[in-house]
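Q: I am new to this structure. Please pick one part, look at it closely, and then work outward to what lies around it.

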Amino acid sequence: MSDDRLIVAMDVPNVLDGLELAKTLGDSVSFYKIGLGMLTGGGLALANELKQEHGKRIFLDMKFFDIGATVEAAVRGVAQFDLDFLTVHGDPHVVRAAREGAGGSDMKILAVTILTSLDRGDLDASCMKAGDVADLVLERAGIALSNGADGVIASPQEAALIRALPEAEGKLIVTPGVRPVGADLGDQKRVMTPAQAIANGADHVVVGRPIWRAASPRKAAMDIQAELASPQAKTPNQ
């Protein structure tokens with residue numbers, strides 16, 4: 001039985017490649033993330049097939065951002081697919097609209113705080129509010145959670161801070177920017193190992209390239225599963 005704390009980012013070009021990857025990984029992975037890069041390659045169709053025909057959990061990473069009415073309509077449309085997680089940007093009006101769109105479905109709305117590929121220099125270049133990145137993530141997380149988000153997406157470096165927020169009680173923390181020891185960082189800048197992320201309070205870790213680019217993707221996934229089950233992944237209060 002695979003550990004669904006591991007979410008594999010299916011950043012492949014199309015449905016056929018996605019199905020082939022899922023076949024290769026087999027029962028070593030039970031949870032997949034499908035993002036914008038797959039949208040024009042049949043991402044929604046793949047999400048539905050993996051969910052309905054293969055019994056996988058699905059995290060649809062769309063990062064919706066628009067006026068409230070548009071976000072609400074888009075989320076209502078996604079909710080009909082019975083998926084598990086959906087991302088939106090953590091701005092209050094977006095989160096509230098997404099919550100309305102999700103209605104009584106079981107789909108969890110996860111708010112994006114600050115993308116894990118961004119650092120302070122990137123925020124400056126985008127004319128974003130001054131301040132330490134971790135402080136801004138914490139502030140945005142609190143705002144999103146208090147406006148109805150079921151959880152947040154955040155770097156593992158900020159997971160412990162978010163977990164300590166009163167608003168985070170009973171909420172989910174999902175962390176991209178996770179790399180096994182020795183893996184190429186790629187475009188990620190605020191990273192930790194899977195065990196470190198879980199120990200810091202994350203509920204799920206998202207790993208993509210270190211798995212599907214590996215010589216044996218199944219072995220890479222199983223190695224991460226073993227790391228998640230190790231003593232190093234225990235939080236201090238467990």
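A: Start with a cut-off. A residue is buried when its relative accessible area is under 20%, exposed when over 50%, and partly exposed in between. By that scale Gly77 is partly exposed, because its relative accessible area is 26%. Gly77 belongs to helix 3, which covers residues 68–79. Helix 3 is the part to look at closely. One caution first: the model is predicted.

How far is Gly77 from Ile211 in space? Their C-alpha atoms are 31 Å apart, with these positions 134 residues apart along the chain. The last residue of the helix range, Ala79, gives another distance. From Ala79 to Gly177, the C-alpha separation is 27 Å, and the step along the chain is 98 residues.

Now see what helix 3 touches. On one side there is a sheet. Helix 3 packs on it, in contact with strand 3 (57–64), strand 4 (85–89) and strand 5. The direction of helix 3 makes about 165° with that of strand 3.

Helix 3 also has a helix partner. The axes of helix 3 and helix 4 come within 7 Å of each other, and they cross at roughly 35°. The crossing is right-handed. From helix 3, the residues that meet helix 4 are Gly68, Val71, Glu72, Val75, Arg76 and Ala79. Look at how they are spaced. An α-helix has 3.6 residues a turn, so residues three or four places apart point the same way. From helix 4 come His93, Val94, Ala97, Ala98, Glu100, Gly101 and Ala102. By class, this contact has 7 nonpolar, 3 polar and 3 charged residues.

Compare another helix pair. Helix 1 (residues 15–25) and helix 2 (residues 43–54) pack at about 35°, with their axes 10 Å apart. Helix 1 passes helix 2 in a right-handed crossing. Val15, Gly18, Leu19 and Ala22 come from helix 1, and they meet Leu46, Glu49, Leu50 and His54 of helix 2. The residues of this contact divide into 5 nonpolar, 2 polar and 1 charged.

Next, the sheet. How do the strands close up? There are 8 of them, and they form a barrel in the order 1-2-3-4-5-6-7-8, with parallel pairing. On average, neighbouring strands are turned by 25° against each other, direction ignored.

Take the strands in turn. Strand 1 (residues 6–9) runs parallel to strand 2, and 2 bridges join them. Val8 has Tyr32 as its bridge partner in strand 2. Strand 2 is largely enclosed by the rest of the structure, because 5 of its 5 residues are buried. Phe31, Lys33 and Gly35 lie on one side of strand 2, while Tyr32 and Ile34 lie on the other. In a regular strand the side chains alternate between the two faces of the sheet.

Just before strand 2 sits Ser30, in the loop between helix 1 and strand 2 (31–35). Ser30 counts as buried because its relative accessibility is 16%. Beyond its neighbours within four places in sequence, Ser30 is in contact with Ser2, Asp3, Asp4, Lys56 and Arg57.

Return to strand 5, one of the strands that helix 3 touches. Strand 5 (residues 108–112) pairs with strand 6 (residues 151–153) in the parallel sense, over 3 bridges. One bridge partnership there is Ala111 with Val152. Strand 6 is joined to strand 7 as well, again parallel, by 3 bridges. Gly151 stands opposite Leu172 of strand 7. In strand 7 (residues 172–175), Leu172 and Val174 point one way and Ile173 and Thr175 the other, and all are buried.

After strand 7 comes Gly177, in the loop between strand 7 and helix 8 (194–199). Is Gly177 buried or exposed? Gly177 is buried, because its relative accessible area is 2%.

One helix is left to place. Helix 6 (residues 133–146) has 14 residues and spans 20 Å from its first C-alpha to its last, close to the 20 Å expected. Its buried residues are Val133, Ala134, Leu136, Val137, Ala141, Gly142, Ala144 and Leu145. They pack against helix 4 (92–102), strand 5, helix 5 (120–125), strand 6 and helix 7 (156–163). Two of these elements are familiar: helix 4 meets helix 3, and strand 5 is touched by helix 3.

Definitions and conventions: Residues are numbered from 1 along each chain as its sequence is written. This is a predicted model: local features need pLDDT of at least 70, side-chain atom pairs count only at pLDDT 80 or more; totals for chains, interfaces and linings use all residues. Side-chain values use heavy atoms; hydrogens and water are left out. Axes are lines fitted to C-alpha atoms, for helices over the stretch in contact, and angles run from 0 to 180 degrees between N-to-C directions. Helices (H or I, at least four residues) and strands (E, at least two) are DSSP runs, numbered from the N terminus. A crossing is left-handed if the near helix is turned anticlockwise from the far one by less than a right angle, and right-handed if clockwise. Contact means heavy atoms within 4.5 Å. Ala, Val, Leu, Ile, Met, Phe, Trp, Tyr, Cys and Pro count as nonpolar, Asp, Glu, Lys and Arg as charged, and the others, Gly among them, as polar. Buried means under 20% relative accessible area, exposed over 50%, partly exposed in between (1.4 Å probe, protein chains only). Two strands pair if DSSP finds at least two bridges between them. The expected span of a helix is 1.5 Å times one less than its number of residues.
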